[in-house]
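Trainee: Could you take me through a single part of this model in close detail? I would love to have the cut-offs spelled out as we go.

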Amino acid sequence: MLGRIRREAEKITINNSGIQGVQSINAQYESVARPLDNLGITEIQYAPQGGQTASLQLNTLLINTLEAGYSGSYSLDVMQNFTGDIPFSGIIDYGTEKIYFSQGYLETYSVSCAIGEIPQTSTTSTIYGDFGTGVLFSEYDQGSSLIPSLNIPSYSSMEVNLDEFTTNRMTSFSVDIATPRVPIYTLNADKPNKVIAGTPIEVNVNFSLDVDDYKIKNMRLVPDETIFKNATITLKKNNSDTTLLSYSFDNMLLTSESFQAGVGSNATANFNLRSFILR
Amino acid sequence: MATVFYDKAAVEVTHNGVSEQLLATDCSLSFSNAQSPLYAIGSKGTLGQFPAGARQGDLSFSFLTTLTGTYFGVNGNIINSLASGVKMAASNSSEVSGVEIKFAGVSGSGYLNSYGVGVQSNSVSSSSCGFTFFGSGTQLPITGRLDNFAGQTIQTGKLATGVAHGRYTNLDNFATSLTAGDSAANVFGADYSISFNHNPVYKVGQEFPMTCLYTNAQETLGVTEDVFQSGLAFDSAANNLTLTLSGLGGNYGMEIGLSGAKQVSTAMSAGMDDIVRTQKNLTAVY
């Protein structure tokens, strides 16, 4: 009989921590086996070209965070902790089947929220270790677990500090962090000898506004009019003053602005701030 | 006009009745006829152009490093075997015969000038070689015309088990190890090359040489790793080393022996978004 697997039979565990509030998972690999081509070719032979990796994309509602006791050395968002040089391993369960993965490294981390929404995080990771099932998984290690608790932030209880919103209404924001990775491969190995946490980390913060007196800046890079801003976004527990997460970036360069107007909507503006963090 | 697509332009090498079609990725062939103008006092303009040397051809090609068998006692492919044999001939001042090379319908008897093999992590190994066609006696260096030349097509797909690959090649025997350091180096890749000098012997009354002698050979191996050896010895000991390249499926390795090799240089370099990599160069001469 044909069956199907629905969300209640699916889950993802990373470093022994169950990830909560998952909205979507996308895990995939593409074989690096490529056909060899040569003058006078007579048959198709496949050989690996480049290191074999897989990718993992995860979208979650930000409804579970670590408890405050972790705050000394961890971000309270489990996934944000992997923007550093810590690898992760895990399992995706679907029905009675499992997908194992190891040596995962976060490549991008995003958090976004709009009016009427619960903040969401999106991550993309590269799996440099093993991925899938089979004999390769005789040894399988996971890092130490981080145990999150239910803590729901809300758009109504967040704080954004940018000096623009006293007269202009912010309708959405997103923070995008790109953490480059540099795998180092040696001879006689198909997994990297090490994965270096590259630098710099690129941070983009995007805002959408319903504008009142927001002033679009001059697009020329005029030294006296170059805009650098400090941006701080604080997510608080719903109907509470308890801070869950805070994203704070200094000296971000204003890199783009856009303005939209239409007959059926308010005038809006979007702008992007960008900075680079060396590590 | 012959229109030959690359799939019908195979490169085949034959020596002593043993042939192999190499998995060539490029091949170029040239044929030259050196002419010099002659001038004379009392004559305006030239007296004409006259031969300045024997006609000769050159052929070079790159190919995937195949591990197709044992040729004349040497594992790997026929070019590797040929290089090994010529190296011995160069050290013994022996006379050698050329090898028959066919490329897209054109053929000639060539003498190996150079041979190189490179292997990098997670990549298919590639090789390259160059030949000179001198001709012999009354035989032209190059004959034939551009035409289709390929083997029998096989409509199946399979894993390339007979090709050397960085994933399966272990060169830990070349890793630099410092006694005061923390560990041996990681080896990221290697590039081997050998060049041969030969001496075609011409006689009066005949355009093409009567024979060809190899005079000497020099080989170089560059190893890319992550340990810098600043303590190079002024008169270091010579080593006999073996470079072994292996392929998918545990094929026997292709071996290249370096006899009396000495490290002649070490270097390190850095590029953006990468670790600092070091390179040492070993040479051996014959």
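**The strand β5(A) and its surroundings**

Mentor: Happily! Strand β5(A) runs parallel to strand β13 (residues 157-159) of chain B, and 3 bridges join the two; strands count as paired when DSSP finds at least two bridges between them. Strands here are DSSP runs of E with at least two residues, while helices are runs of H or I with at least four, both numbered from the N terminus. Keep in mind that this is a predicted model, in which local features need pLDDT of at least 70, side-chain atom pairs count only at pLDDT 80 or more, and totals for chains, interfaces and linings use all residues. Residues are numbered from 1 along each chain as its sequence is written, with chains lettered from A and ligands numbered from 1 in the order in which they are written.

Within this pairing, A:Ile44 stands opposite B:Gly157 of β13(B).

Now the wider contact: chain A contributes 25 residues and chain B 44 residues, a contact being two residues whose C-beta atoms, placed from the backbone, lie within 7 Å. On the side of chain A that touches chain B, the elements giving two or more residues are β5 (44-48) and β15 (181-184). Of these, β5(A) gives the most, with 5 residues.

As for the chain that carries β5(A), chain A has 20 strands and 0 helices. The C-alpha trace of chain A spans about 70 × 50 × 45 Å along its principal axes. Among contacts in chain A with a separation of 6 or more, 69% link residues 24 or more positions apart.
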